[in-house]
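Me: Hi! I have a model open and would like to talk it through with you. Could we go over it piece by piece?

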Amino acid sequence: MKIHHLRTTLFSGAKGPDWLLWVMVVALMSLFTAPCGAAAAEFYLRAAATTMVMPTGEQVTVWGFAKDSSFGAKDGVVTVPGPVLELPPGDTTLVIHLDNDLPEPVSIMVKGLVGSMTPVRLPDGRIRALNKEAQPGNSEPVTYTWTNVHPGTMMYQSASHLSVQVQMGLYGAVVAKADTGRAYDTDPSRYDSEVLLVLGEIDPDLHQAVASGNFGPGKAVTSAIGYRPKYFFINGRSYTPGVYEPAGHPGQRVLVRIVNACLTQRSLVFGGRYVLEIGDGGFPLPFPPQHFAVFIAAGGTKDVIIESAPAGDLPVWDERLGLTNGGLTDGGIFTYLRFQ
Amino acid sequence: MKRDLLLFLAVTAFSLLSLTGAWGGVMVQCPEDLDGDGVSDVDLPHVVCRHLTGGDGFTVMADGRSMYIFGFGDVTGMPADQVLESGILGAQFPAPTIVLDEGDDFYLTLTNVGMLMRPDLFDPHTVHFHGFPEVASIFDGLPESSVGINMGSSITYYYHIAVPGTFMYHCHAEATEHMQMGMLGNLYVRPAQNSLPDGTDLKGFIHHTGYKYAYNDGDGSTRYDVEYAIQMSSFDPEFHDADLNVQPLPFADMRDKYALLNGRGYPDTVLQGPILNKVNGRNSQPLDSLVHARQGQRILLRLSNLSVTRYYTLSIGGLYMKVIAKDAKLLQASDGRPMSYDTTTVTLGGGESVDVIIDTAGVPPGTYVMYATQAQYLSNNEEDYGGMMTEIVIE
Amino acid sequence: MRVRQIFQFTYCLALTFLLVGLLSEGPAQATIQGISGISFTLVAAPGYIKTPEGNSIFFWGLGSDVNHVQYPGPTLILNEGDTITITLYSALPQPVSLVFPGQEQVQAQGGSQGKVTREATPGRPVTYTFVAAHPGTYLYYSGTNMALQHEMGLFGAIIVRPAGFDPNAPTAYGTSDSRYDREYLFMISEMDPDIHRLVEEGRYSEIENADVFPTYYFINGRNAPDTMAPAFAEWLPTQPYNCMPLMHPGERLLMRIIGAGRDNHPYHFHGNHAKVIAEDGRLLSSGPGKGADLGYSRFTISAVPGHTYDAIFQWTGREMGWDYYGHTSLSDPIERGELAVTATLEAPLSAGSAQVTLGGQGEKEFPMYREVRCLIWSKAYPSPDKDPNREVVKVKRASGNLFTISRGLEGTTARAWSEGDYVAITDHGRPFPVVLPENQNLTFGAFYSGSPYLGNAGNLPPGEGGLNPFSGFFYMWHSHNEKELLNNNIFPGGAMTMLGILPYNAPIE
């Protein structure tokens, strides 16, 4: 923690020729922080491939993140979306150590958190990654640190090869808690209970091309321009009968944190009830509107409050109609919030 | 060779036709323009005259593919007898950026130079000043409710610029075709608040000469140091090729595959300098989208979308944005409280604009990337690592 | 060329009926068609809609019986506080239901329990009850197999009138800032005809809902130019609702916009900004009594799926820089709606004064930092054309309601004025600023009067114009993703209509 404090000081004072010095300090610091062990908001993420079974039975190779206990332990489970990275109240520092078991370089960014980005370029000068990368099979973790984390619901994702790696599954939620039973430093954002909904989608053909090495210059598929998702998910699952998300007790103020990792906007309806939109992209909205349909931008997040729901299962669906499982109808981005 | 001959024939034909009076010829209207070049010859405060051509031309996409376009060219101040030659195959994409000040009297002349590669077409053109408030139909550029200007002739539009903000403009004749083909451009108006006397107290914020604001905010909240107008658009190559080859146009099947910022796909978006098209070597995509600022500066991005097919969402890795205005209107409650908000994404459909400010105080120097979160459009059609993406350099 | 002929022919048909409508009398709120009451029967059944280029598309609709289903379903016009009962019968091959976002105490009885609510099947109707507790613009739609049933057409609009609604002084939300002179509905949707064909032929297993690619776009269930044909046109039996907004300058037009499709549609309205005062049936307000103080102005409203918007559109031609009635003299008559912004003198103004204090609320509309042309006239006269001593000035806000003033412009004389005299922003008497090209160099629109002036018919060549008998100003209101201005492969069409701003001597239904 002492080192983090030092870094913050340098950070705010960094300008002009000090900058190079600062880079050197950060580089050195990365070496020291890595073996320090688990702080509250320190995570060991591993990017790796796994298989997801689609509701049609189709097996699709996806790329996801696992939360390991330490670098090299490889004891986490690779999931899509990746594990939730939760920051306890008052913790403004987030550290991610990245391990890469994928065949191409991977990097991490958290949307909405300001931090130094160190792009990686292709030989022709194009940016391949928005941030420093972990190479396949890296022997040391690549460490990312943010010291300015504010409360909110954010999305982390790969910052490498964006056209491919996000839709392959390299994304997840960052939940930074405020310390007062509120999502933000605003009164309407107070809540009793919370639930997280991460929206996603899969184009099995593009996954197949990437997983089988048929994506790239001169190969069968050379770009993602033909992307056509066929499966739609909440928290990595298409609608499955009998499955619900515990939301809270009847009558409580329930905070729903929504992360949209789809490559299109979505419009969520909560059984036709009004919800209060209190946050967008990890920032509080100044005058929360009441809506019965909630727009979430592609790659965006929203926080909404459900007030006074009665006991029972409140259906949630996507009015943009990502409600199918491949050719099968009546599935997709649909679930229940259970109040009991 | 064929093209040069066509060009020669077209210029000759236009000249002859205007002599006979069958076609109107080039005529610009601008107050106190004594020599007919369409610019005022005395200093008239708040009078702005521009002269555009409407015609065709060629661009080149970031993957090297040549793309036929319809578009506007800038011939402001050019003698009338040179306008046709400059305008023919002189279309730019996006159209020449129009920057105005609140209170201006704006005279915009449009000369239709015809589409050289499509001698079978006799399309009129118009200018639609998109979002212009309280417009009369005659200057709305909507051909269904007013007039379009025919080939070989000029029309002058007049606008009293009463409201600041980020607007846009495009041709509205055969709108789906002419807009898919590229007749789109940036247009914005700077506020009267910029010209307040030095030392004016704006609710505790002291204005100084040289300060620039996005809107008449009354409190300095929209002050910025550097501004960039960035327009989203997208092209369907099949449609453009069909137009060039005089084939039936695939309207229903239109699928845009080049997503562009200011007419270029990445990495051309960050290429400073001209891109010469492959057909007549003109610099027809003159605008890059590389954003430059020094740490501590406030960056104003004037974002608009004129895609005819899609919504696009822009996000910036490692930065966030304050949305201060939408559709040329400051986000402010009726009692003056700010309704601006911070976010990581802005989503625009066709015909929408958004102004965002990025405050770089405390932002580490470096290169940041602004990109479409519809990540399949980070492609130049079949080429990966391209599309709707640009770089923001903080020094 | 053939396309344009079809388009103009339909326009002409539309116009014939429009003219009939224009001459009839009726209350202001009659411009949204729908059914009123507290108890409704809706039947879900198949039918066919027509598209302007000649196609016929199989759809599932709602209506009073199996032979009278419509697209979209009937607009339900309700009163605040009423308990509403809707009985849904089905003649569809799969269960169907209705959900009512934003309504309170929704109950369902009968039928069988579905994923979202109770569902009807042939012979087993469902009765829904709810309380229309709040005024506003809402929608209803199927809560069953939504990806397919919304595509097929099972949705409609709900309008709840505020308590104490007065048809002669209507408001949307009971607040003064939601008052309006005319109201129109803009329910925007789309269709992929391939899916409809597969349903028609019973080939359900071939439907790929995830890969929908719409090629038809609708406002109130019609594609342009049918949007402008009369409501309940005989040749469109399953598409009874039109969308032909008309208004006079200065009036308040309430737009009720609903995103009823699966895609966002950027609805762009030429002419002016509109102020959004409510979303999803809730006034954009920071508290009781504040009105729509959080409202915002837009020139494009993104109709997000499942969302509703109420917006007030006004057009006064303010600060155009020329007189859109074509007046050339200050003594020419002032037309209704021409003096858009009028303030009063807070204190007497002496002949030599270069400063003036304005009040009367109108001054709040004056621009902040910029000079603007005004007329001053005596409160003894109703309008400046009647006052022989009227004066042209330019005023510029100095601070608060104190303005600097340039006096006696354009041949008028600076003189003394009294407290309470009028100051109005106007371009009255200012000439048209440019010369229009000769007719042979122009292509004329069917909605062009031949003159740039409102209410003034110009000289058009034979066969030109023709759809603008009152010489109004027309503005396209349309989806600004212009691909949506198509009827399948035919331009123009789709989610588009025209706003007509007509001179006051033209009656509007």
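Me: Let's start with charges: how far apart are the mean positions of the positive and negative charges of chain C?
Reply: Happy to help, and keep in mind that this is a predicted model. In chain C the two mean positions are 4 Å apart, taken over 34 positive and 49 negative charges.

Me: And what is that distance for chain B?
Reply: For chain B the mean positions lie 6 Å apart, with 22 positive and 48 negative charges.

Me: Back to chain C. How many helices and strands does it have?
Reply: Chain C has three helices and 31 strands. Its radius of gyration is 26 Å, close to the 23 Å that the globule rule gives for 509 residues, so chain C is as compact as a globular protein of that length.

Me: What box do its C-alpha atoms fill?
Reply: Along the principal axes, the C-alpha atoms of chain C take up a box of roughly 85 × 60 × 40 Å.

Me: Which domains does the assignment give for chain C?
Reply: There are two entries: domain 1 covers 2–205 + 213–313, and domain 2 covers 341–425. The C-alpha centres of domain 1 and domain 2 of chain C are 46 Å apart.

Me: What share of chain C is buried?
Reply: Of the 509 residues in chain C, 62% are buried. The accessible surface of the chain is about 17400 Å², and carbon and sulfur atoms account for 50% of that surface.

Me: And the contacts, what fraction is long-range in sequence?
Reply: In chain C, if you take contacts between residues at least 6 apart in sequence, 69% of them join residues at least 24 apart.

Me: OK, give me chain B in the same style. How many helices and strands are there?
Reply: Chain B comes with four helices and 27 strands. The radius of gyration of chain B is 21 Å, close to the 21 Å from the globule rule for 395 residues, so this chain too is as compact as a globular protein of its length. The box filled by the C-alpha atoms of chain B is roughly 65 × 50 × 35 Å along the principal axes.

Me: What about burial and surface in chain B?
Reply: Buried residues are 67% of the 395 in chain B. About 11600 Å² of chain B is accessible surface, with 54% of it belonging to carbon and sulfur atoms. As for contacts in chain B with a separation of 6 or more, 71% are between residues 24 or more positions apart.

Me: Let me zoom in. Where is C:Ala120?
Reply: C:Ala120 sits in the loop between β9 (118–119) and β10 (126–131) of chain C.

Me: Is that alanine buried or exposed?
Reply: C:Ala120 counts as buried, because its relative accessibility is 0%; the cut-off for buried is under 20%.

Me: Which residues is C:Ala120 in contact with, beyond its neighbours within four places in sequence?
Reply: The list for C:Ala120 is C:Leu88, C:Ser90, C:Pro95, C:Val96, C:Pro125 and C:Val126. There is also a C-alpha to C-alpha distance of 9.2 Å between C:Ala120 and C:Ala91, which are 29 residues apart in sequence.

Me: Now backbone oddities. What should I expect in general?
Reply: Most residues other than glycine have a negative phi, and most peptide bonds are trans.

Me: Then which peptide bond in chain C is cis, with omega near -10°?
Reply: That is the bond from C:Tyr71 to C:Pro72. C:Pro72 lies in the loop between β4 (69–70) and β5 (73–79) of chain C.

Me: And in chain B, what is the omega from B:Tyr266 to B:Pro267?
Reply: Omega is near 5° there, so to speak of that bond is to speak of a cis one. B:Pro267 is in the loop between β15 (258–261) and β16 (291–293) of chain B.Me: Where does B:Val246 sit, and what is its phi?
Reply: B:Val246 is in the loop between α4 (237–244) and β15 of chain B. Its phi is near 55°, a positive value in a residue other than glycine. B:Val246 is partly exposed, with a relative accessible area of 44%.

Me: What about A:Lys74 in chain A?
Reply: A:Lys74 has a positive phi of about 50°, although it is not a glycine. This lysine is in the loop between β2 (59–68) and β3 (85–87) of chain A, and A:Lys74 counts as partly exposed at 39% relative accessibility.

Me: Last one: which residues of helix α2 in chain B are buried?
Reply: In α2 (residues 80–87) of chain B, the buried ones are B:Val83, B:Leu84, B:Ser86 and B:Gly87. Just after that helix, B:Leu89 takes a positive phi of about 55°.

Terms used
Residues are numbered from 1 along each chain as its sequence is written. Chains are lettered from A and ligands numbered from 1 in the order in which they are written. This is a predicted model: local features need pLDDT of at least 70, side-chain atom pairs count only at pLDDT 80 or more; totals for chains, interfaces and linings use all residues. Side-chain values use heavy atoms; hydrogens and water are left out. Helices (H or I, at least four residues) and strands (E, at least two) are DSSP runs, numbered from the N terminus. The radius of gyration is taken over C-alpha atoms; the globule rule is 2.2 Å times the number of residues to the power 0.38. Buried means under 20% relative accessible area, exposed over 50%, partly exposed in between (1.4 Å probe, protein chains only). Contact means heavy atoms within 4.5 Å. Accessible areas come from the Shrake-Rupley method with a 1.4 Å probe; for residues, only the protein chains shown count as cover. Lys and Arg count as positive and Asp and Glu as negative; His and the chain ends are not counted. The place of a charge is taken as NZ of Lys, CZ of Arg, CG of Asp or CD of Glu. Domain bounds come from an automatic or database domain assignment.
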